[in-house]
Amino acid sequence: MSKTVASKENAGLIRRYSHYINGENITSTSGRLIERINPATGKLIGTLQDGTAEDVDLAVSAAVEAFEDGRWSGLTAAQRSDVLRNVSRRLKEDWQDLALYESLETGKPLAQASGEAQWAGDIWDYAAGQARSLHGETYTNVGEDKLGLVLKHPVGPVGLITPWNYPIVVLSQKLPFALAAGCTVVAKPSELTSGSTLAIAKFLEEAGLPKGAFNVVTGYGDPVGKRIAEHPHIRMISFTGSTVTGQSIARAATGNMKKVVLELGGKNPTVVFSDANLEAAVDGAIKGFVYNSGAECCSGSRVFVQRESIAAFTELLCKRLEAVKVGDPMDPLTTMGAIINEAQFAKINRYIAEGKKSGDLAFGGNVITDLPGLFVQPTVFTNVSPTAPIAREEVFGPVLVVIPFDDLSDAISLANDTEYGLAAGVWTSNLETALTMARKVRAGIVWVNTFLDMPSEVPFGGTRQSGYGRENGRQAIEEFTVTKSVVVQNPSTYERYLG
Ligand code: NAD
């Protein structure tokens with residue numbers, strides 16, 4: 001797998017990407033390219049620019065100029081909304097090529113990538129609505145001769161840095177809201193999955209976005225992401241990725257006191273009470289660790305089951321997992337595709353090896369060797385201590401631990417025994433149990449009798465080591481604004497300071 005292969009039959013699929021700066025396709029000052037291979041086949045599918053700090057500076061200059069002259073922020077909300085709706089339509093209707101490359105770059109099933117492009121279309125549509133409903137406030141209660149006004153301004157040129165697991169969706173949780181607020185943008189996608197961000201730049205251009213309002217610089221975290229995070233003319237960073245990178249971004253952002261939104265990792269609990277619909281809970285647990293091969297910040301990778309039900313739960317779980325088809329992402333029947341790259345594949349296998357030592361293997365546990373790419377079985381461990389690394393650390397792969405609990409308070413303390421706080425799932429038919437869990441579990445989102453369920457209207461984000469700030473929902477556009485207060489006095493009644 002370490003050799004890239006550009007075979008004849010693959011040649012038609014290879015794309016040559018440039019940076020997208022000020023409406024132009026530009027090559028890097030480094031003169032170097034990064035090769036991307038399809039993790040499901042080991043074949044070369046694209047080359048992208050290995051960006052530099054100078055490339056970032058060029059993109060930031062374009063974003064600053066586009067912001068300062070008002071070519072985007074000076075438009076009416078209706079005009080901005082039109083551009084965003086146009087992209088939403090493209091994502092909902094014209095997603096075939098985008099989804100194909102998303103699947104080739106990530107190794108995820110094509111059917112899943114297609115669904116994600118359309119899901120992203122809904123987020124753009126929601127953001128287009130937010131552009132038109134963003135407004136300030138008026139205070140008429142501060143005196144007969146006075147008025148208080150609260151204005152919402154775009155924060156300025158912003159940097160968006162995104163990971164490889166959901167390249168279209170994660171970008172879409174940031175970009176349309178930034179543009180809706182009137183910000184201009186420099187984006188850095190993951191070096192593993194840059195194609196969709198550049199494709200969306202084209203959608204925006206064709207929808208009429210002015211030059212310089214959206215710029216894309218590809219390349220590695222250091223130097224490209226690092227330079228965006230520390231750049232003195234970038235006013236805000238919205239980052240999704242690992243907690244460790246998030247910490248370095250927060251530090252880099254202090255130079256000019258950038259606003260920072262961080263969407264980071266998780267080790268999310270799913271809690272199944274004995275009064276739950278067991279079939280539904282098993283299905284939710286499977287979705288929670290199999291979807292996207294477990295490369296999911298909200299992955300329900302720790303499942304706690306009430307002790308009297310754990311045997312029945314585990315038996316049904318393992319039986320249902322037989323239906324998970326791992327393999328060719330192009331096959332519409334495939335549930336789980338390839339692992340993104342060799343480093344991630346090795347990391348998952350290290351955790352599986354650790355799990356075999358610290359617990360009992362109940363399902364899977366092997367790599368799949370009769371396929372050309374990087375594939376691993378969905379893997380379940382039981383009899384694992386809640387303190388074992390496999391039960392505490394983010395694997396970011398299709399690996400689950402199933403752990404028993406006794407009662408509600410035990411469930412709450414096990415669920416909260418983590419430094420993360422992104423998502424949680426609760427399965428119960430008891431309303432009081434559901435509400436208590438929803439209140440007591442430390443997480444940005446709690447799903448009750450459902451999992452990985454994210455309507456665009458509902459805010460999304462973490463607490464603790466899972467980050468801060470919110471995406472989607474009404475808060476998303478607010479994140480990209482600064483509040484300015486204005487106090488207006490009737491001049492004839494101005495009370496002089498010096499009499
Ligand atoms: P990562 O932190 O390695 O990389 C994320 C992005 O940051 C990439 O574009 C990378 O090139 C860039 N980067 C790396 N070093 C940088 C630096 N020093 N300065 C600036 N940018 C830098 O994460 P990943 O491996 O791409 O993604 C997996 C992680 O993302 C997991 O921890 C997962 O939980 C998290 N994630 C979180 C959410 C969420 O919404 N909370 C969603 C998806 C993924």
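The residues that line the largest cavity of this predicted model divide into seven nonpolar, six polar and one charged. The lining comprises 14 residues in total, and those nearest the centre of the cavity are Thr106, Trp164, Asn292, Ala295 and Ala338. The space inside the largest cavity comes to about 100 Å³. Two domains take part in enclosing this space: domain 1 (3-264 + 462-484) and domain 2 (269-448) each contribute at least three residues to the lining. Across the whole structure, the search returned five cavities of 30 Å³ or more.

Attention turns next to a pocket. The second largest pocket holds about 310 Å³ of space. Its lining is made up of 18 residues, with Tyr17, Gly195, Leu198, Ala199 and Lys202 lying nearest the centre. Sorted by class, eight of the lining residues are nonpolar, four are polar and six are charged. Which elements supply at least two residues each to the lining of the second largest pocket? They are strand 1 (15-16), helix 3 (96-106) and helix 7 (195-207). Helix 7 is the main contributor, giving seven residues to this lining.

Strand 1 and helix 3 are also joined by a pair of charged side chains. Arg15 and Asp97 form a salt bridge, with N and O 2.9 Å apart. Arg15 belongs to strand 1 and Asp97 to helix 3, so that this pair links parts of the chain separated by 82 residues. Are these two partners buried, exposed or something in between? Arg15 counts as partly exposed because its relative accessibility is 29%, and Asp97 is likewise classed as partly exposed, at 39%.

The Arg15 and Asp97 pair sits within a wider set, as 19 salt bridges were found in the whole structure. Side chains of opposite charge can pair when their charged atoms come close. Another example is the salt bridge between Glu471 and Lys174, where the closest N and O atoms lie 2.6 Å apart. Glu471 is in the loop between strand 20 (467-468) and helix 16 (473-479), while Lys174 is in the loop between helix 5 (167-172) and helix 6 (175-181), so this salt bridge ties together parts that are 297 residues apart in sequence. Both Glu471 and Lys174 are buried.

A further salt bridge brings together the side chains of Asp406 and Arg307, at 2.8 Å from N to O. Here too the pair links distant parts of the chain, 99 residues apart: Asp406 lies in the loop between strand 17 (399-405) and helix 14 (408-415), and Arg307 in the loop between strand 14 (302-306) and helix 11 (310-321). Asp406 is partly exposed, with a relative accessible area of 43%, and Arg307 is also partly exposed, at 45%. Elsewhere, Asp57, Arg227 and Glu230 are linked in a network of salt bridges.

Lys174 appears again among the neighbours of Thr162. Thr162 is located in the loop between strand 8 (157-161) and helix 5. Why does Thr162 count as buried? Its relative accessibility is 7%, and the cut-off for a buried residue is under 20%. Leaving aside residues up to four places away in sequence, Thr162 touches Val170, Leu171, Lys174, Lys188, Pro189, Ser190 and Thr240.

Notes
Residues numbered from 1 in each chain as written. Predicted model: local features only at pLDDT ≥ 70, side-chain atom pairs only at ≥ 80, totals over all residues. Heavy atoms only, no water. 1 Å grid on protein atoms, 1.4 Å probe; cavity = no way out; pocket = protein on both sides within 12 Å on 5 of 7 lines; lining within 4 Å. Points joined across faces, edges and corners; volume = space filled by probe spheres on them. Helix = DSSP H or I, 4+ residues; strand = E, 2+ residues; numbered from the N terminus. Nonpolar A, V, L, I, M, F, W, Y, C, P; charged D, E, K, R; others polar. Salt bridge = Lys/Arg side-chain N within 4 Å of Asp/Glu carboxyl O. Buried < 20%, exposed > 50% of the residue type's maximum accessible area, 1.4 Å probe, protein only. Domains from an automatic or database assignment. Contact = heavy atoms within 4.5 Å.
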